[in-house]
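Let's take a friendly walk through this structure, with a stop at the ligand and another at a pocket.

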Amino acid sequence: MSGFVFSEKPIAIESGEGVTLTATDGTEYLDFGASYACTPVGHCHPDVVEATTQQVQELMYVQASYPNAARTALYEQLADVAPGDVDNVWLCNSGTEANEAALKFARAATGREKIVATTQGFHGRTMGALAATWKNKYKEPYEPLAGGVEFVPYGDGEQLREAVDEQTAAVILEPVQGEGGINPAPTEYLQVAREATDEAGAALVMDEIQTGLGRTGSMWACQHHDVVPDILTTAKGLGSGLPIGATLVRDWIAESHGDHGSTFSGNPVTCAAAGATLDVIESEDLPARASERGDYLRAELDAALGDEVRDVRGQGLLVGVEVKRGANRHLKRLALNHQVLALPAGRTVLRLLPPLVVDESHVDRVVDAVTEVVTG
Ligand SMILES: *Cc1c(COP(=O)(O)O)cnc(C)c1O
């Protein structure tokens, strides 16, 4: 018997602390993928461990229809850090569920069907969120998916404006595309998305599942552009690796959201982990750190790699290095020869998104390793 969906790598991980993961043979790895972006405050941050352990001992589960202090506190914390008035909170267990809820809420609140999504966009693997995801290889074996999705080229304001009409329930996009290759959206594009949805009475959904929680240098990437969405989704790092996602919505969405639900919504243990994670992001000023270390990482990569790569791009600590040939070969050598774990973003982009607690010496080590595998 064995798992069959993920192809496992030959490194068995036993423990983690901060930016470091330790394998069963004692080898230490720098986790520059933050384990699928799930550890913004680092692995096993003591505050998160403590809050979670306490909650496990007190109460592991109560249904969300009974108030619980850990859940109530998280509702308040999320409302506090939310951009603008996107402060009504729905809690779920993953990113795809947060987007699934976003699309359902937008349809219920507008009474419309059409969803406008973007080329290269990634929103998750369940039938609805997958329908709004671009790559055919993720979709084809599972069709038919949810209907009513129209794709427009990411970054093209004019075509977005044309696609959004009186039938449109929502536009869904990432302020920096992660999976699609680390593509930051220009401010004007996001402003056009805001104007077009406002004019049509449609909901603007920002998928901040990868970009949120300080990673790009502010709590949410949309805040760099002064664009407030109607719905914002977050997950990945929210629970420091425990499964929790959230869909934050403005009042007009919350007021007519239909009939949604989930058994594990607002589980006290994941809420305690998320509350402590948000506390650490704020108390350690991690968005500022991501901004500063991200600038340093990109500058050092640029200086070291020059013409050896096609591009170094990103925002904060969400960084892509577009290489000339396949990325996977480089990733394997980074892991096995240099003990640096990173991720791909499509076929030719190395994705570097370390925990936001990295220091300069980690960055220096990784820049040396990347330079060696790319030029070697
Ligand atoms: C990872 C990701 C998702 C899906 O999250 P899951 O928790 O894997 O379901 C959705 N959108 C973006 C932008 C992501 O990076």
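Helices here are DSSP runs of H or I with at least four residues, numbered from the N terminus. Keep in mind as you look around that this is a predicted model.

Start at the ligand. Helix H4, residues 95-110, gives the largest share of the shell around the ligand, with 3 residues. The residues that surround the ligand include Gly95, Thr96 and Asn99, along with Ser94. Further along the chain, Phe122, His123 and Gly124 are also among the surrounding residues, as are Glu174, Asp207, Ile209, Gln210 and Lys236. Sorted by class, this shell holds 7 polar, 3 charged and 2 nonpolar residues.

Now look at some individual contacts. Which atom of Gly95 lies 2.8 Å from an oxygen atom of the ligand? For Gly95, a polar backbone atom is the partner. Gln210 uses its side chain, with a polar atom there 2.7 Å from a ligand oxygen. In Lys236, an N or O atom of the side chain is 2.6 Å from an oxygen atom of the ligand. On its own the ligand has 380 Å² of accessible area, and the protein covers 81% of this.

Next, visit the second largest pocket, which holds about 280 Å³ of space. Its lining consists of 14 residues, and Tyr75, Val89, Trp90, Phe105 and His257 are the closest to the centre. Two elements give two or more residues each to this lining: strand S4 (88-92) and strand S12 (245-249). Strand S4 contributes the largest share, 4 residues. In this lining there are 8 nonpolar and 6 polar residues, and no charged ones.

Methods: Residues are numbered from 1 along each chain as its sequence is written. This is a predicted model: local features need pLDDT of at least 70, side-chain atom pairs count only at pLDDT 80 or more; totals for chains, interfaces and linings use all residues. Side-chain values use heavy atoms; hydrogens and water are left out. On a 1 Å grid over the protein atoms alone, a cavity is a set of points where a 1.4 Å probe fits but cannot get out, and a pocket is an open set with protein on both sides within 12 Å along at least five of seven lines; lining residues have an atom within 4 Å of a point. Grid points are joined across faces, edges and corners, and a volume is the space filled by probe spheres set on the points. Ala, Val, Leu, Ile, Met, Phe, Trp, Tyr, Cys and Pro count as nonpolar, Asp, Glu, Lys and Arg as charged, and the others, Gly among them, as polar. A residue is near a molecule or strand if one of its heavy atoms lies within 4 Å of it. A polar contact is a pair of N or O atoms within 3.5 Å; within protein, one must be able to donate a hydrogen and the other to accept it, and residues adjacent in sequence count only if both atoms are side-chain atoms. Accessible areas come from the Shrake-Rupley method with a 1.4 Å probe; for residues, only the protein chains shown count as cover.
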